[in-house]
Amino acid sequence: MKTFEIILPCHFGLESVLKREVIDIGYDVTKVEDGRITFLGDEEAVARANIFLRTAERVLILIKEFKAKTFDELFDGIHAIDWKSLLPVDCQFPVKGS
C-alpha cells in the first residue's frame with residue numbers, strides 16, 4: 001500500500017491537541033509546526049483522519065512539491081504528476097493559481 005505525507009492544518013494553539021488525537025488513532029506525528037501537524041499514512045490513515053480528528057481543519061495529502069513563479073510553471077508541474085496512479089481516468093478537478 002502506498003504511503004502518503006498527510007498534512008493536517010489546525011487553528012493556532014491547537015497543535016498539541018491535534019498531535020494527541022493523531023497519536024490516539026495510532027499514527028506517529030513526523031512534524032509539528034505552527035498551525036499544522038504532519039504524519040505518514042496510507043489510504044486508511046486518510047480515511048481515519050477524516051472520520052476521527054476533531055481539531056484538524058482539513059486532511060491534505062502531499063502529492064508533489066515544486067517551485068512555480070508563473071502560472072505556466074504551475075501548470076507544467078501539475079501536468080507532470082502521474083495522475084493516473086492517483087485518480088480514476090474519467091474524473092476532473094479544477095486547478096486555480098493566484
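**Group meeting: a walk through a predicted model**

Of the 98 residues of this protein, 27% count as buried. Keep in mind throughout that this is a predicted model. I will start with the overall layout, then the sheet, then one helix, and finish with two loop residues.

The protein has 3 helices and 4 strands. Reading along the sequence, you meet them in the pattern β-α-β-β-α-β-α. The C-alpha atoms fill a box of roughly 40 × 30 × 20 Å, taken along the principal axes. The accessible surface comes to about 7,400 Å², and 52% of that belongs to carbon and sulfur atoms. Now take the contacts in the protein with a separation of 6 or more: residues 24 or more positions apart account for 56% of them.

Next, the strands. Which strands pair with β1? One is β3, which pairs with β1 in the antiparallel sense over 6 bridges. If you want a residue pair to find on the screen, E5 has L40 in β3 as its bridge partner. The other is β4, joined to β1 by 3 bridges, and these two strands also run antiparallel. There, I6 has I61 in β4 as its bridge partner.

Is β1 largely enclosed by the rest of the structure, or largely open? Count the residues: 5 of the 6 in β1 are buried, so the strand is largely enclosed by the rest of the structure.

β3 has a further pairing, with β2, antiparallel over 4 bridges. Here E33 stands opposite R36 in β3. The two strands form a hairpin with 2 residues between them. G35 sits in that turn, with a positive phi of about 80°.

Now the core. In soluble globular proteins, nonpolar side chains tend to be buried together. In this model the largest nonpolar core has 15 residues. The residues with the most contacts inside this core are I6, L8, L18, V22, Y27, F39 and L53. Four elements each supply at least two residues of the core: β1 (4-9), α1 (15-24), β3 (36-41) and α2 (43-52).

That brings me to α1. Which of its residues are buried? They are E15, L18, E21 and V22. Seen down the helix axis, these buried residues fall within an arc of 120°, so they line one face of α1. The spacing is worth a general remark. An α-helix has 3.6 residues a turn, so residues three or four places apart point the same way. On the other side of α1, S16 and D24 are exposed. As for what covers the buried residues of α1, the cover includes β1, β2 (29-33) and β3.

L18 is a good residue to click on. Leaving out residues up to four places away in sequence, L18 touches L8, C10, I37, L53, T55 and A56. After the helix comes G26, whose phi is positive, near 100°.

Two loop residues remain. The first is T55, in the loop between α2 and β4 (60-62). Is T55 buried or exposed? Its relative accessible area is 16%, and buried means under 20%, so T55 counts as buried. With residues up to four places away in sequence set aside, T55 touches P9, C10, L14, V17, L18 and E21. With E21 there is also a polar contact: the side chains of T55 and E21 are joined at 3.1 Å. E21, you may recall, is one of the buried residues of α1.

The second is I25, in the loop between α1 and β2. I25 is buried too, because its relative accessible area is 13%, again under the 20% cut-off. What is I25 in contact with, leaving aside its neighbours within four places in sequence? The list is R48, A49, F52 and L53. L53 also appeared among the core residues with the most contacts. I25 and C10 are 15 residues apart in sequence, and their C-alpha atoms are 17 Å apart in space.

To close, go back to three items on the screen. Find β1, which has 5 of its 6 residues buried. Then find the face of α1 lined by buried residues. Last, find T55, in its loop between α2 and β4. That is all I have.

Terms used. Residues are numbered from 1 along each chain as its sequence is written. This is a predicted model: local features need pLDDT of at least 70, side-chain atom pairs count only at pLDDT 80 or more; totals for chains, interfaces and linings use all residues. Side-chain values use heavy atoms; hydrogens and water are left out. A nonpolar core is a set of buried Ala, Val, Leu, Ile, Met, Phe, Trp, Tyr and Cys residues joined through side-chain atoms within 4.5 Å. Buried means under 20% relative accessible area, exposed over 50%, partly exposed in between (1.4 Å probe, protein chains only). Contact means heavy atoms within 4.5 Å. The arc is that of the directions from the helix axis to the C-beta atoms. Two strands pair if DSSP finds at least two bridges between them. Accessible areas come from the Shrake-Rupley method with a 1.4 Å probe; for residues, only the protein chains shown count as cover. A polar contact is a pair of N or O atoms within 3.5 Å; within protein, one must be able to donate a hydrogen and the other to accept it, and residues adjacent in sequence count only if both atoms are side-chain atoms.
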